[in-house]
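Subject: Structure for your review

Dear colleague,

Please find below the structure that I agreed to pass on to you. My notes on its salt bridges and its nonpolar core follow.

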Amino acid sequence: EKLHEPIKNKKLSARDRLGVIRDLFALSEAGVVPTTDALEFLSAYKEETNYSVWLEIALGLARIEQHIPNNQNLDNLVIDLFSPVFKELGWDAKPNEKHMDVLLRSLTISKLGRAGDKKVINEARKKWKSDKLNPDIRGAVYGVVASAGGKKEFEEFIKKYKKETLHEEKNRLGYSLGDFKDKVLL
């Protein structure tokens, strides 16, 4: 609890903020600390700006999501946690933007969309249809559309996958095929 304010106010270095959340998730996985404590402590990170710290948070949440998939409370926590940073970054790249912000944008789109954020899902669907989808967010958009999609989207992914000649793009599409939730489609 004594670390909450120094993390929230960024009085600890990014390395230390990352280490604290990594340790807290590890202690939670080991059963030493209740998972609810780790999840509640995430509120200290709501105004985090460092990509590496956010990535660690996303990885820790993903491990929890594997054990309790499709949990509305957890999805709400993810939306509440990632929304402020996404609001700051937006969908579009900014002039002279740091590379870590480019990566963070993609991460936030992915986490928010997979958690069921309707605005992100709807915008991802629009961008999915666009011929000018920024490659920096393409994988995130594909994953969001797939995770919220059904048979129609699945067939579109298959069609694009078979038609695609670029290896990197084919990989993005192929990875996204695993994001569909319908077991029959999978």
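R17 and E48 are joined by a salt bridge in this predicted model, with 2.7 Å between the closest N and O atoms. R17 belongs to helix α2 (residues 14-29), whereas E48 sits in the loop between α3 (35-41) and α4 (51-67), so the pair ties together parts that are 31 residues apart in sequence. Both partners fall under the 20% limit for a buried residue: the relative accessibility of R17 is 6%, and that of E48 is 3%.

A second salt bridge links E29 with R63, where the closest N and O atoms are 2.6 Å apart. Here E29 comes from helix α2 and R63 from helix α4, so the contact ties together parts that are 34 residues apart in sequence. With a relative accessibility of 54%, E29 counts as exposed. R63, at 28%, counts as partly exposed.

The third pair lies within a single helix. R172 and E168 form a salt bridge with an N to O distance of 3.3 Å. The two residues are 4 positions apart in helix α10 (residues 167-177), which means that about one helical turn separates them. R172 is buried, at 18% relative accessible area, while E168 is exposed, at 55% relative accessibility. Salt bridges with shared partners connect R138, E168, E169 and R172 in one network. Over the whole structure, the search returned 14 salt bridges.

I turn now to the nonpolar core. In soluble globular proteins, nonpolar side chains tend to be buried together. The largest such core in this model contains 52 residues. Within this core, the residues with the most contacts are L42, Y45, I57, L61, F82 and F157. Helix α5 (residues 72-89) supplies the largest share of the core, namely 8 residues.

Which residues does L61 contact, once its neighbours within four places in sequence are left aside? They are F25, L39, L42, L74, L77, V78, L81, F82 and K111. Two of these partners, L42 and F82, are themselves listed with L61 among the residues that have the most contacts inside the core.

I would be glad to receive any comments you may have.

Yours sincerely

Terms used:
Residues numbered from 1 in each chain as written. Predicted model: local features only at pLDDT ≥ 70, side-chain atom pairs only at ≥ 80, totals over all residues. Heavy atoms only, no water. Core = buried A, V, L, I, M, F, W, Y, C linked by side-chain atoms within 4.5 Å. Buried < 20%, exposed > 50% of the residue type's maximum accessible area, 1.4 Å probe, protein only. Contact = heavy atoms within 4.5 Å. Salt bridge = Lys/Arg side-chain N within 4 Å of Asp/Glu carboxyl O.
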